[in-house]
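Here's a quick briefing to read with the model open beside you. Take a look at the chain first, then go through the notes.

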Amino acid sequence: MVEKINEQKPSVRIDFIPHCSFLPLSVIPSCIYVQPEIASVGLTEEEAKRRGIPIRCGKYIMGKNGKNIITRTEKGFIKVIFSADSDALLGAQMMCPRATDMIGEMATAIVNSLTSRQLLLAMRAHPTYNEAIGEAVMDSQKESGQSEETSALQFQYR
């Protein structure tokens with residue numbers, strides 16, 4: 001059903017997804033089921049730099065996350081990598097409770113070239129581990145000075 005087709009740009013042939021013939025392997029999440037869970041999708045910061053892609057990164061340490069506090073979980077982080085030029089999400093890495101459940105949102109965002117601003121428009125329930133994604137995305141905007149713009153944008157949608 002799935003066949004590797006190109007060593008230079010790894011991708012797979014997809015016969016079971018309508019209207020989709022090829023899918024880059026980089027958008028298939030990698031998950032490790034340990035405590036805390038580890039998940040990754042897309043490019044890492046190191047891979048992007050090696051390829052010469054200008055990037056912006058955001059990171060959130062899970063210690064202040066409401067769900068983390070409730071469950072008394074101390075360890076964890078979420079890191080997001082955006083294109084500095086287009087603002088599209090290029091990759092995400094997570095080491096925290098429920099990381100393997102949350103990484104799908106990041107894969108969907110990469111496949112659809114969602115920007116940091118678009119990701120911030122999504123409402124996430126409180127308290128959840130998932131809220132940390134929004135915090136990491138907001139952190140990525142500090143490098144570009146977008147955080148004040150985004151706050152104003154979010155206010156318009158209230």
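The notes below cover the fold, the cores, the salt bridges and the confidence.

This is a predicted model, in which local features need pLDDT of at least 70, side-chain atom pairs count only at pLDDT 80 or more, and totals for chains, interfaces and linings use all residues. Residues are numbered from 1 along each chain as its sequence is written, and side-chain values use heavy atoms, with hydrogens and water left out.

**Fold**
- The protein has six helices and eight strands, taken as DSSP runs numbered from the N terminus (helices H or I, at least four residues; strands E, at least two).
- Reading from the N terminus, the order is β-β-β-β-β-α-β-α-β-β-α-α-α-α.
- Of the 158 residues, 39% count as buried (under 20% relative accessible area; exposed is over 50%, partly exposed in between; 1.4 Å probe, protein chains only).
- Gly66 sits in helix H2 (residues 66-71), and its C-alpha is 5.2 Å from that of Pro127, although the two are 61 residues apart in sequence.
- Gly66 counts as partly exposed because its relative accessibility is 21%.

**Cores**
- The largest nonpolar core (buried Ala, Val, Leu, Ile, Met, Phe, Trp, Tyr and Cys residues joined through side-chain atoms within 4.5 Å) has 26 residues, and Ile78, Val80, Leu89, Met94 and Met106 touch the most other members.
- Elements giving two or more residues to this core include strand S7 (77-83), strand S8 (89-96) and helix H3 (99-111).
- H3 supplies the largest share, seven residues.
- Beyond its neighbours within four places in sequence, Leu89 is in contact with residues including Val80, Phe82, Met106 and Leu119 (contact means heavy atoms within 4.5 Å).
- A second, separate core has five residues, among them Ala48, Ile55, Cys57 and Ile81.

**Salt bridges**
- The count is six salt bridges (a side-chain nitrogen of Lys or Arg within 4 Å of a carboxyl oxygen of Asp or Glu).
- Lys79 and Glu45 pair at 2.4 Å, N to O; Lys79 is in strand S7 and Glu45 in helix H1 (residues 45-50), so they tie together parts 34 residues apart in sequence.
- Both Lys79 and Glu45 are buried, and a network of salt bridges links Glu45, Lys49 and Lys79.
- Arg56 bridges to Asp87, with the closest N and O atoms 2.6 Å apart, and both residues are buried.

**Confidence**
- Mean pLDDT (the predictor's confidence in each residue, from 0 to 100) is 83, and 75% of residues reach 70 or more.
- Over residues 1-9 the pLDDT is below 50.
- Where pLDDT is low, don't read the predicted coordinates in detail.
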